[in-house]
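Reader: I have a structure here and a list of terms I keep tripping over. Could we go through them one at a time?

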Amino acid sequence: MPREPKRPNLNVPLLTENREQEHGFGLLLGKKNSFVSKESSEIVEEMKKQLWLAGPLISVNVLQFRLQLISVMFVGHLGELSLSSASIATSFASVSGFSLLMGMGSALDTLCGQSYGAKQYHMLGIHMQRAIIVLLLVSVPLAFIWANTGLILSAVGQGQDISFEAGVYARYMIPSLFAFGLLQCEVRFLLTQSIVLPMMISSAVTAFSHILVCWVLVFKTNLGYRGAAMANAISYWINTILLALFIKFSDTCKRTWTGFSKEAVQDIYNFMSLAIPSAVMVCLEVWSFDMMVLLSGFLPNPKLETSVLSISLNTNTVLFMIASGLGGTISTRVSNELGAGNPKGTRLAVQLVLLITITQGIITGSILILIRGLWGYAYSNEEEVVSYVATMLPFISLSSLLDGIQGVLSGTIRGCGRQKIGAFINLGAYYLVGIPSAILLAFVLHMGGKGLWLGIICALSVQVVSLLTATLRTDWEHEAKQAANRVYGATVPINLVA
């Protein structure tokens, strides 16, 4: 009987094939899971870096902002004339001096940040020395302007009594001008290395000691309101000296501060090419907000309008301390990553900071709206003022959100070294759109203070859209190459650094 032919065992190859397929899918899934895990770890790591920088930096901004506020509060107990004079002098000092120095100092966000990312550590000290030289020279003509504050205020129609006392207050503040310029250089030098805790500690020590210094000079001497101005100068110098000692003696700055170098007086143009547009960016924005308060004085019932606009501006400034901290954070992260030649990391940093900023803006704005009926009592007991402030807070919440977004986008621009673009955007947003819109809404359409603040919102909207467009169109690979050219084109061989 013939043997039956052996049938092929179909199960075996099928099982083998299935196992091979399962093995292939396993490898694929493993690679995918590994990729996702890597992406997640990068996001978490970047989030940690940003929060580590932003928290202390926000504290530094708030503490430094408190100095002049504390001085004005002490002066307020001396009488209405002294309070008005100190307030006007402080506003004049911010517009004519502090904002300019702060803007010029922010050029170090680009120069120091990219050098640190590229591991050209010795260049940070050289860049800081150049900035110090330039800012001290710029402070000389600014000091002359401050010395003539009284004459300038009288020339623009301010009352003689207020002009005289504001002029005296400004003259006593002149030493603070030079300290402020040095402080900006030190802060940027440390920030671009992510060294923020020493800044927070020195700012806290300065802020709390400032209360004692103010009390002694205002109430325990014959200086009166002049003592408050002198206290500003003393406190700024205390903060400057504390940070200078840290930079000099701390091991943390051993690689980045290698001593004074003659190379610092060379290639000043490289610093000025960024410092001037940086200053324009900051000044155009600061001046436009102060202009809103001046315009409020021409509205019907100017006393009420000016009071409410001042409260609104103060509230917005306090909220902007958060955005400013996040802006400094992203400026550091962008400049460090570009200097290190990591465009992918730069893109991730920008995406995360925008997410953080929008979330923070929505939360703080919602809180403001919820407490709008109570917020005014922090500034005044008059029901008319409190009621007016309550109607303004929804507008302030919106402007705060937009201000936060533009703050981090401006920080991104500084980190890239594209300050010229930022300057043109701010010029168009505030002076071609914002201020004309504010005048139209407030005086032609008779919307009063709300119209002025809606003008600010129009400016911020244009600014956000323009900066966001510039950011979305950014070629990060090209920016990394530009950073390398900037860093290595300005690098001094380390053996030439004294």
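Author: What follows is a set of questions about the terms and the values behind them.

Author: This is a predicted model, where local features need pLDDT of at least 70, side-chain atom pairs count only at pLDDT 80 or more, and totals for chains, interfaces and linings use all residues. Residues are numbered from 1 along each chain as its sequence is written, and side-chain values use heavy atoms, with hydrogens and water left out.

Reader: How many helices and strands does the protein have, and what makes a run count as one?

Author: The protein has 16 helices and zero strands. Both are DSSP runs, numbered from the N terminus: helices are H or I with at least four residues, strands are E with at least two.

Reader: Why is Phe-249 called exposed?

Author: Phe-249 lies in helix H8. Exposed means over 50% relative accessible area, buried under 20%, and partly exposed in between (1.4 Å probe, protein chains only). Phe-249 has 61% relative accessibility, so it counts as exposed.

Reader: And why is Leu-440 called partly exposed?

Author: Leu-440 sits in helix H14 (residues 419-444). Its relative accessibility is 43%, so Leu-440 counts as partly exposed.

Reader: How do you know that H3 is mostly covered?

Author: Count its residues. Ten of the eleven in H3 are buried. Among them are Leu-108, Asp-109, Cys-112 and Gly-117. Across the 498 residues of the protein, 51% count as buried.

Reader: What makes a group of residues a nonpolar core?

Author: The residues must be buried Ala, Val, Leu, Ile, Met, Phe, Trp, Tyr or Cys, joined through side-chain atoms within 4.5 Å. The largest such core here has 61 residues. Those with the most contacts inside it are Trp-146, Tyr-169, Phe-189, Leu-190, Met-199 and Phe-271. Helix H6 (160-191) is one of the elements that give two or more residues to this core. H6 supplies the largest share, 14 residues.

Reader: Why is this core said to lie between the domains?

Author: Domain 1 (54-266) and domain 2 (274-497) both give residues to the core, so it lies between them. The bounds come from an automatic or database domain assignment. Apart from this core lies another, of 50 residues, including Leu-338 and Ala-442.

Reader: What counts as contact, and how many residues of each domain are in contact?

Author: Contact means heavy atoms within 4.5 Å. 36 residues of domain 1 are in contact with 42 residues of domain 2. The C-alpha centres of the two domains lie 21 Å apart.

Reader: Which residues does Tyr-169 touch?

Author: Leaving out residues up to four places away in sequence, Tyr-169 touches Ser-71, Val-75, Ala-86, Ala-89, Thr-90, Tyr-225, Ala-228, Ala-229 and Asn-232.

Reader: Why is H4 called roughly perpendicular to H9?

Author: Their axes come within 10 Å and cross at roughly 70 degrees. Axes are lines fitted to C-alpha atoms, for helices over the stretch in contact, and angles run from 0 to 180 degrees between N-to-C directions. Under 35 degrees counts as roughly parallel, over 145 as roughly antiparallel, 65 to 115 as roughly perpendicular and the rest as oblique. The crossing angle therefore makes H4 roughly perpendicular to H9.

Reader: Which residues make that contact?

Author: H4 brings His-127, Arg-130, Ala-131, Val-134 and Leu-135, while H9 brings Ile-268, Asn-270, Phe-271 and Met-272.
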